[in-house]
Amino acid sequence: MGLLDDLRQQASEQEAEEEQASSGKVNTEEVYRTLTQPKLVELYTHLSELAKHLNYLKKEIRASYIINAEGQEVELLQSDYDAHIDSTSETKLVTLTLKCLYPKNVEFSVNEPKNVASNIQFLQNKHLKHQVHERRNDKHQLQGARFTVRASVIAKFAFVADIDNACIKFTYTNFDQYGPISHVLKPENVNDDFLDQLGRFILRENDDFLKENVADDVREQLRIKIEQEKRERLEELKIAEKIREDEEAK
């Protein structure tokens with residue numbers, strides 16, 4: 001194969017790849033415009049009305065949270081719901097925040113010196129405001145401590161448009177446990193039933209919300225991994241074929 005033939009082939013392959021990438025971008029943008037973005041607006045409308053009613057009714061909703069490294073739990077009262085949307089026309093993010101609060105400070109004692117540090121670390125990791133009152137002997141050796149904790153937790157629900165993958169990434173943080181839990185939602189599955197189940201989950205009435213979808217999430221991640229490996233194998237074959245052709249042309 002001559003130089004010009006080689007360059008023509010490379011240009012043709014690159015042009016085909018660019019056309020395919022451009023086509024894929026157009027398709028994902030169309031899905032976002034026609035399906036994902038309207039669903040995000042629908043989510044915001046639902047969550048905004050939910051927040052409005054809950055703030056007015058002041059329903060007594062309680063949730064248990066671990067308050068120290070030993071696993072002690074306290075029941076916090078849920079309140080202060082706030083829904084937010086980044087844009088009504090170019091929606092990429094919808095959130096709902098709420099506060100879980102104990103009406104007074106929580107106090108507990110740690111009598112083992114070695115456990116004082118682990119409790120401090122736990123409270124720092126969970127972003128719980130606290131004070132530590134150490135107990136020391138005449139030699140200034142640590143004997144234990146009394147902790148005073150402001151048991152206030154901010155929980156957050158976030159729905160993010162993933163335009164490239166034509167889906168919605170749903171993450172809730174500090175709700176049924178500390179830290180984030182994430183799911184991938186197909187826009188078409190964000191329907192009236194989903195919104196109703198989401199509302200009941202926020203009201204702590206539906207502990208099984210999305211748990212049946214965990215297997216689907218795992219399968220989706222496996223599918224993506226297989227497709228990626230397939231693309232990598234195809235690329236390796238193309239490189240090997242190119243090397244073979246170059247060797248034959250010598």
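## A first look at the protein

Of the 250 residues of this protein, 30% count as buried (buried means under 20% relative accessible area, exposed over 50%, and partly exposed in between, with a 1.4 Å probe and protein chains only). This is a predicted model, in which local features need pLDDT of at least 70 and side-chain atom pairs count only at pLDDT 80 or more, while totals for chains, interfaces and linings use all residues. Residues are numbered from 1 along each chain as its sequence is written, and side-chain values use heavy atoms, leaving out hydrogens and water.

The protein exposes about 16,200 Å², and carbon and sulfur atoms supply 49% of that area (accessible areas come from the Shrake-Rupley method with a 1.4 Å probe, and for residues only the protein chains shown count as cover). Now for contacts, meaning heavy atoms within 4.5 Å. Among those between residues at least 6 apart in sequence, 60% join residues at least 24 apart.

## Helices and strands

How many helices and strands does the protein have? The secondary structure comes to four helices and nine strands (these are DSSP runs numbered from the N terminus: helices are H or I with at least four residues, and strands are E with at least two). Along the sequence, the pattern reads α-β-β-β-β-α-β-β-β-β-β-α-α.

## The six-stranded sheet

One open sheet has six strands in the order S1-S2-S3-S7-S8-S9, with antiparallel pairing (two strands pair if DSSP finds at least two bridges between them). Its edge strands are S1 (61-66) and S9 (180-185), each of which pairs on one side only. From one strand to the next, the twist averages 25°. Axes here are lines fitted to C-alpha atoms, for helices over the stretch in contact, and angles run from 0 to 180 degrees between N-to-C directions. Helix H3 (residues 192-202) lies across S2, S3 (93-101), S7, S8 and S9, and runs at about 160° to S7.

Let's visit the two edges. At one edge, S1 and S2 (residues 73-85) pair in the antiparallel sense over six bridges, with Tyr-65 standing opposite Val-74 in S2. At the other edge, six bridges join the antiparallel strands S8 and S9, and Lys-169 has Val-184 in S9 as its bridge partner. The hairpin of S8 and S9 has six residues between the strands, and in this hairpin Asn-174 takes a positive phi near 60°. Side chains alternate along S9: Ile-181, His-183 and Leu-185 point to one face and are buried, whereas Pro-180, Ser-182 and Val-184 point to the other and are not.

## A closer look at Val-74

Is Val-74, a residue of strand S2, buried or exposed? Val-74 counts as buried because its relative accessibility is 10%. Leaving aside residues up to four places away in sequence, Val-74 touches Ala-63, Ser-64, Tyr-65, Ile-67, Tyr-102 and Val-106. Val-74 and Ala-151 are 77 residues apart in sequence, yet their C-alpha atoms are 8.5 Å apart in space.

## The three-stranded sheet

Another open sheet has three strands in the order S4-S6-S5, again with antiparallel pairing. The edge strands are S4 (106-110) and S5 (129-136), and each pairs on one side only. Here the twist averages 15° from one strand to the next.

S5 and S6 (residues 142-150) pair in the antiparallel sense over eight bridges, and the bridge partner of His-133 is Arg-146 in S6. Helix H2 (residues 113-125) packs on this sheet, touching S4, S5 and S6, and its direction makes about 20° with that of S6.

## Aromatic rings

A pair of aromatic rings is described by the distance of the centres and the angle of the planes. A search of the whole structure finds 15 aromatic pairs (rings of Phe, Tyr and Trp, using its six-membered ring, pair if their centres lie within 6.5 Å; planes under 30 degrees apart count as stacked, over 60 as edge-to-face and the rest as tilted). The pair of Phe-159 and Phe-170 is stacked, because the ring centres are 4.4 Å apart and the planes are at 0°. Phe-159 lies in S7 (residues 152-162) and Phe-170 in S8 (residues 167-173), so the pair ties together parts that are 11 residues apart in sequence. Phe-159 counts as buried at 0% relative accessibility, and Phe-170 is buried with a relative accessible area of 0%.

Ring pairs link Phe-157, Phe-159, Phe-170, Tyr-172, Phe-175, Phe-194, Phe-201 and Phe-209 into a cluster. The charged end of Arg-204 sits over the ring of Phe-175, 3.7 Å from its centre (a charge sits over a ring if NZ of Lys or CZ of Arg is within 6 Å of the ring centre and within 35 degrees of the ring normal).
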